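Colleague: I would like a close look at a single part of this model. Please take one helix and go through it in some detail.

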Amino acid sequence: MAVSRVSMSKEGPLVSRLAQGWASAVRRGLTVAEATRHVHACLEVGITTMDNAAIYGGGQGETLLGEALAAEPGLRDRVEIVTKCSVGSWGTSLYHYDTSREHILSSVEHSLQELRTERIDLLLIHRPDPLMDADEVAEAFDRLYAAGKVLHFGVSNFTPWQFTLLASRMPRPLVTNEVQISVLDNHTMLDGTLDQCQQLRIRPMAWSPLGGGRLFTGDTPQAERLRTELGAIGEALGGYSVDQVALAWLLQHPAGILPILGTFNAQRLAAAAVAEGLALTREQWFRIWVAGTGERLP
Ligand SMILES: NC(=O)c1ccc[n+]([C@@H]2O[C@H](COP(=O)([O-])OP(=O)(O)OC[C@H]3O[C@@H](n4cnc5c(N)ncnc54)[C@H](OP(=O)(O)O)[C@@H]3O)[C@@H](O)[C@H]2O)c1
């Protein structure tokens with residue numbers, strides 16, 4: 001079953017309901033040929049959105065994806081590239097953030113080169129920067145848009161207040177906030193982040209949607225409770241796995257969450273794609289909530 005295509009916001013871009021994350025591709029030692037094969041495995045199940053960042057793989061994550069896409073004519077045009085800037089400061093003595101106009105512009109030039117493309121579909125500010133000057137960021141974004149180098153803009157790990165500040169200076173709406181969301185971590189459901197996304201009708205992207213693997217390997221009481229509950233619900237629904245039910249839980253949220261998968265295992269991708277067709281009852285959804293928090297609802 002192929003995952004559906006949806007608009008991230010009223011203004012776009014069109015993306016797949018599940019995305020592929022590239023953070024660990026270099027660490028795993030993927031060759032270019034393996035990365036190209038994995039792009040095809042994604043496309044086979046309808047995953048067209050590739051989440052990357054200037055900092056991934058110590059700067060090599062974009063290079064690998066760029067080479068993987070360049071290996072076949074036309075492959076670049078079958079995917080949407082999301083990348084991020086402002087985190088990671090090579091050549092300086094201390095790792096820090098940089099949301100200055102100059103850094104954003106030069107980071108994008110570098111990303112375009114590494115990704116071997118003329119356009120980035122979606123550019124995110126990777127993390128909130130206490131020194132962020134929203135006017136400067138908006139100006140840099142505007143220049144990149146006018147030059148056709150970046151088509152859409154968003155943020156990552158922003159609080160609703162930080163989002164509102166930057167949005168207030170932007171000539172065009174921000175289209176997403178990429179944040180950590182999973183059955184193990186529901187803070188964005190409580191702190192206004194997902195409420196803001198719904199209010200603005202933008203879809204949040206969810207990083208570590210399976211807790212970065214902790215859901216399967218974690219030995220905390222929370223991880224154990226969740227495995228038991230997700231397993232039981234999966235059985236009751238007709239034999240679905242822990243990951244499928246955990247993803248269905250995210251997909252069912254009214255904010256229209258777009259989970260970013262971290263696996264490079266084609267079978268796990270195909271299993272994840274099935275989650276979109278899985279409907280949990282409200283009771284099942286809250287059983288998972290309670291297993292995650294360890295507390296009954298008030
Ligand atoms: N914006 C940000 O600040 C930020 C921060 C972190 C991450 N991200 C993005 O989010 C992406 C995904 O993050 P993530 O890697 O933490 O995602 P994840 O999907 O929560 O975790 C991936 C891990 O789960 C394991 N896994 C998946 N399905 C499994 C299954 N059925 N059984 C057992 N293990 C399973 C994978 O193992 P296998 O690989 O062996 O399948 C892998 O180790 C990153 O690549 C990056 O693009 C963004």
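Which helices and strands do the buried residues of helix 3 pack against?

Modeller: The model is a predicted one. In it, the buried residues of helix 3 pack against helix 2 (61–70), helix 4 (134–146) and three strands: strand 5 (80–85), strand 6 (120–125) and strand 7 (150–156). Helix 3 itself runs over residues 101–115. From its first C-alpha to its last, this 15-residue helix reaches 21 Å, close to the 21 Å expected at 1.5 Å a residue.

The residues of helix 3 that are buried are Ile104, Ser107, Val108, Ser111, Leu112, Glu114 and Leu115. Seen down the helix axis, they fall within an arc of 165 degrees, so they line one face of helix 3. The general rule is that an α-helix has 3.6 residues a turn, so residues three or four places apart point the same way. On the face turned away from the buried side, helix 3 carries the exposed residues Glu102, Glu109 and Gln113. Glu114 is thus listed as buried, whereas Glu102 and Glu109 are exposed. Just after helix 3 comes Arg116, which takes a positive phi of about 55 degrees.

For comparison, helix 11 (residues 266–274) has the buried residues Leu269, Ala272 and Ala273. These cover an arc of only 100 degrees around the axis, which puts them on the same side of helix 11. They pack against helix 1 (32–44), helix 10 (242–251) and strand 10 (258–261).

Note on methods:
Residues are numbered from 1 along each chain as its sequence is written. This is a predicted model: local features need pLDDT of at least 70, side-chain atom pairs count only at pLDDT 80 or more; totals for chains, interfaces and linings use all residues. A residue is buried if 20 or more other C-beta atoms lie within 10 Å of its own, exposed if 12 or fewer, and partly exposed in between; C-beta atoms are placed from the backbone. Helices (H or I, at least four residues) and strands (E, at least two) are DSSP runs, numbered from the N terminus. The arc is that of the directions from the helix axis to the C-beta atoms. Two residues are in contact if their C-beta atoms, placed from the backbone, lie within 7 Å. The expected span of a helix is 1.5 Å times one less than its number of residues.
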